[in-house]
Amino acid sequence: MGKEAILYEKLPEEKVRCTACARYCEIGKNQIGLCGIRGNTDGKLELFVYGKVIAGNVDPIEKKPVVHYRPGSKVFSIATTGCNWLCKYCQNYDISQRRKVEGVDMTPEQVVQTTLDHGADGIAYTYNQPSIFIEFARDCAVIARKRGLYNVFVSNGYDTPETVKMMDEFLDCITVDFKGSAEPNFTRKYIGVPDPKPIFDTLTEIHDKTKIHVEITDLIVPEVGDDLSHAKKLCKFVYDEFGPDMPIHFLRFHPDYKMMEFPSTPVKTLEKHHKIAKDVGLNYAYLGNVPGHPLEHTYCPECKNVVINRFGFAIKEWNLDEKNQCINCNNRIPITGHLAKNYKADRFQFVD
């Protein structure tokens, strides 16, 4: 479809500066930004993928991963082509690194209706970086809220104050995915990002100026992105910025795309990162992509009992009362929403 973007500035000589991500691409007439989906058409910035959905799937929200917001609910996950990062390990590379505008034509109304038709509770903008198609996401999300749905971004956080301001108009939840604990050499070599500082700035901006629910993830890549000192810096930032109750997920890397020669992350490495988070003072640290590991569960910080027992993306046991208080010691667990009464763990397929 294509549509004029909102997040951009006009420059002399019919150039434009895109403000949707921290690259701030300056784009000449009839040229395209690095993401491949925002380009200069006769002196105006156009979002070429407006209304072009390349992927759509119903997922548990835990798959995002989000575990402290609307647990057990379902999201209709959508994406466009393109991305502002160049991750060499991307598991969605066929979508994110595709530089050809493709997808099924869907209006925002159709996206919302499809969500409702599938019995989902919200929409997740994911698989590629959602801020690069934020104008389309916003139009979907505004309608979604009116229809009783919530909206989630699965984001790399490489955003701008302009994107955060727009997010505040419609977004309920965001998970910001750090990679390699944001160690600068890793981000430069394996992501194509010269400086991870804008990610931290985005999180500070979200915390200071919005009420969006936030969760943090960190993909731990063995040998090149598993530095414990940077993991400690990240955990300290999360603790200092958000306090002890911010959920943080350490995700296991699996070989993909241009990093097939790397092994999967050793579980012991993930456990070391988890210990760092706990030592810093974070109450809710999780391991991801390790189904069956006890650190998938939510533990009460007071009595140490399991309050939410998980296997992969499925909730197997719920030990919280209607106020999300631990049934053993009455300590309140900081979770938005409550497990749906009709939730069934077997409705989602377990992932090996």
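The largest cavity in this predicted model has a volume of about 80 Å³. A single cavity of 30 Å³ or more was counted. Thirteen residues line the largest cavity, and those that lie nearest its centre are Cys18, Cys21, Cys25, Cys35 and Arg38. Sorted by class, this lining comprises nine nonpolar residues, together with two polar and two charged ones.

Cys18, one of the residues nearest the cavity centre, also takes part in strand pairing, as the bridge partner of Tyr8. Cys18 belongs to strand 3, which spans residues 16–18 and is joined to strand 2 by three bridges, the two strands running antiparallel. These strands form part of an open sheet of three strands in the order 2-3-4, with antiparallel pairing. Strand 2 (8–10) and strand 4 (26–27) are the edge strands of the sheet, each of them pairing on one side only.

Further along the chain, helix 3 covers residues 134–146 and has 13 residues. The distance from its first C-alpha to its last is 18 Å, close to the 18 Å expected at 1.5 Å a residue. Buried positions in helix 3 include its starting residue, Ile134, which is followed by buried Glu135, Phe136 and Ala137. Asp139, Cys140, Ala141 and Ala144 in helix 3 are buried as well. The buried set therefore takes in the acidic residues Glu135 and Asp139, given that buried means under 20% relative accessible area. Just after helix 3, the backbone at Gly148 adopts a positive phi of about 85°.

Technical notes
Residues are numbered from 1 along each chain as its sequence is written. This is a predicted model: local features need pLDDT of at least 70, side-chain atom pairs count only at pLDDT 80 or more; totals for chains, interfaces and linings use all residues. Side-chain values use heavy atoms; hydrogens and water are left out. Helices (H or I, at least four residues) and strands (E, at least two) are DSSP runs, numbered from the N terminus. The expected span of a helix is 1.5 Å times one less than its number of residues. Buried means under 20% relative accessible area, exposed over 50%, partly exposed in between (1.4 Å probe, protein chains only). On a 1 Å grid over the protein atoms alone, a cavity is a set of points where a 1.4 Å probe fits but cannot get out, and a pocket is an open set with protein on both sides within 12 Å along at least five of seven lines; lining residues have an atom within 4 Å of a point. Grid points are joined across faces, edges and corners, and a volume is the space filled by probe spheres set on the points. Ala, Val, Leu, Ile, Met, Phe, Trp, Tyr, Cys and Pro count as nonpolar, Asp, Glu, Lys and Arg as charged, and the others, Gly among them, as polar. Two strands pair if DSSP finds at least two bridges between them.
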